[in-house]
Amino acid sequence: MKSKNSYTIDWGSTLFLTLTPVLAILGLWAFFESEVFHPLMLALAIFFYYATGFSITAGYHRLFAHKSYEAHPVIKVMLILFGAGAFQNSVKKWATDHRIHHRYVDEDKDPYCIKKGFWYAHFTWMCVKSEVRNTALSDSYGRDFEKDPWIVWQDKYYGPIAVLMGFGLPALVGGLMGSWFGGLVFGGLVRVVVVHHFTFSINSLAHYWGSQPFTDENTARDNPILAFFTYGEGFHNFHHIFHSDYRNGIRWYDWDPTKWFIKSLTYLKMARNLKVTPDYEIFKARMDMAEKRFTRAQSDETYMEQIRQGFRSKAD
């Protein structure tokens, strides 16, 4: 009998995550060998990069996992469709894992616990089937999704929807531009690999590299450089203490295009009830961390003074 912490290889995820980079490189080689590059191919790749990326950050993450705002049904369906095209699993599975991550961050039950290794947190956790994630724990954290017919539909037909939105649609648009193969390569394969590893870095780099201005109770960090590559998700220390806030970067100049995207939807009457953490709570978190660092520094200085006095006593 397997223990509840046992792992078996998830061959579907493993093959997809390892083969897509190879196919992307081969696809680029084949394209430049047989066709002439047109800037429209780059435009197509950028469109699908943001369409699928925002569908993960603004959709899977802030809308569905944390319910940090409410979206118009049209926006909701678009986020569900393009989110599938990011090839990061269904809303139900993605958001359930993420909720468990927040509840058990840095603990054994954390699906992508950074303490199990950088690459485990980055993507190899998806290459194994953990029985910890396939228990009543997952059911309890995703029960509300069973009430949403669109999420249930996407979860049931995730495979075909993902292939259609992630590869079929870019190829179709590319064909209208003169090269279905270019659309498949640039808007499909290359874009999938780039979006994957930028968004995966939130689970790895954002728990490894950066500052902790709000809390040090977990490994999450704020990193404005990482935010630039992750649609604003790099302000992860703030997010882990105020996860219901629709923003990750709270200052007006913080690079958080997901925040700007969500806010822009309110002007179009396509989003509402955006949750914002009160300023005094944010200020208190900052002051608590400043006090903790000051106390720690004082303690370290006292310890060093005791060592210095010990050396003086021996010298005398």
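**Entry 1: Lys 292 and its partner.** I began with Lys 292, which at 29% relative accessibility counts as partly exposed; the model I am reading is a predicted one. I then looked up what Lys 292 pairs with, and found a salt bridge to Glu 217 in which the closest N and O atoms are 2.9 Å apart. The pair links distant parts of the chain, since Glu 217 sits in the loop between α9 (180-200) and α10 (224-229) while Lys 292 belongs to helix α13 (residues 279-315), 75 residues apart. Glu 217 is exposed, its relative accessible area being 63%. I also noted a network, in which salt bridges that share partners join Arg 62, Glu 233 and Asp 256.

**Entry 2: other salt bridges.** I found 14 salt bridges listed for the structure, and I followed up two further pairs. In one of them the side chains of Asp 144 and Lys 67 meet, with an N to O distance of 3.3 Å. Asp 144 lies in the loop between α6 (136-141) and α7 (149-156) and Lys 67 in the loop between α2 (39-65) and β2 (70-71), so this salt bridge ties together parts that are 77 residues apart in sequence. I checked the accessibility of each partner: Asp 144 is partly exposed at 26%, and Lys 67 is partly exposed with a relative accessible area of 41%. The other pair is Lys 116 with Asp 108, whose closest N and O atoms are 3.4 Å apart; here Lys 116 is partly exposed at 31% relative accessibility, and Asp 108 is partly exposed with a relative accessible area of 43%.

**Entry 3: the largest pocket.** I turned next to the largest pocket and noted a volume of about 970 Å³. It is lined by 42 residues, of which Gln 88, Asn 89, Lys 93, Trp 94 and Asp 97 are the closest to its centre. The elements that give two or more residues to this lining include α1 (11-34), β3 (128-130) and α8 (158-176), but the largest share, six residues, comes from α4. Sorted by class, the lining has 14 nonpolar, 17 polar and 11 charged residues.

**Entry 4: the second largest pocket.** I then noted a volume of about 210 Å³ for the second largest pocket. Among its 13 lining residues, those closest to the centre are Leu 63, Phe 64, Lys 67, Lys 76 and Asp 148, and I recognised Lys 67 from its salt bridge with Asp 144. Both α2 and β2 supply at least two residues of the lining, which divides into six nonpolar, one polar and six charged residues.

Definitions and conventions
Residues are numbered from 1 along each chain as its sequence is written. This is a predicted model: local features need pLDDT of at least 70, side-chain atom pairs count only at pLDDT 80 or more; totals for chains, interfaces and linings use all residues. Side-chain values use heavy atoms; hydrogens and water are left out. A salt bridge is a side-chain nitrogen of Lys or Arg within 4 Å of a carboxyl oxygen of Asp or Glu. Helices (H or I, at least four residues) and strands (E, at least two) are DSSP runs, numbered from the N terminus. Buried means under 20% relative accessible area, exposed over 50%, partly exposed in between (1.4 Å probe, protein chains only). On a 1 Å grid over the protein atoms alone, a cavity is a set of points where a 1.4 Å probe fits but cannot get out, and a pocket is an open set with protein on both sides within 12 Å along at least five of seven lines; lining residues have an atom within 4 Å of a point. Grid points are joined across faces, edges and corners, and a volume is the space filled by probe spheres set on the points. Ala, Val, Leu, Ile, Met, Phe, Trp, Tyr, Cys and Pro count as nonpolar, Asp, Glu, Lys and Arg as charged, and the others, Gly among them, as polar.
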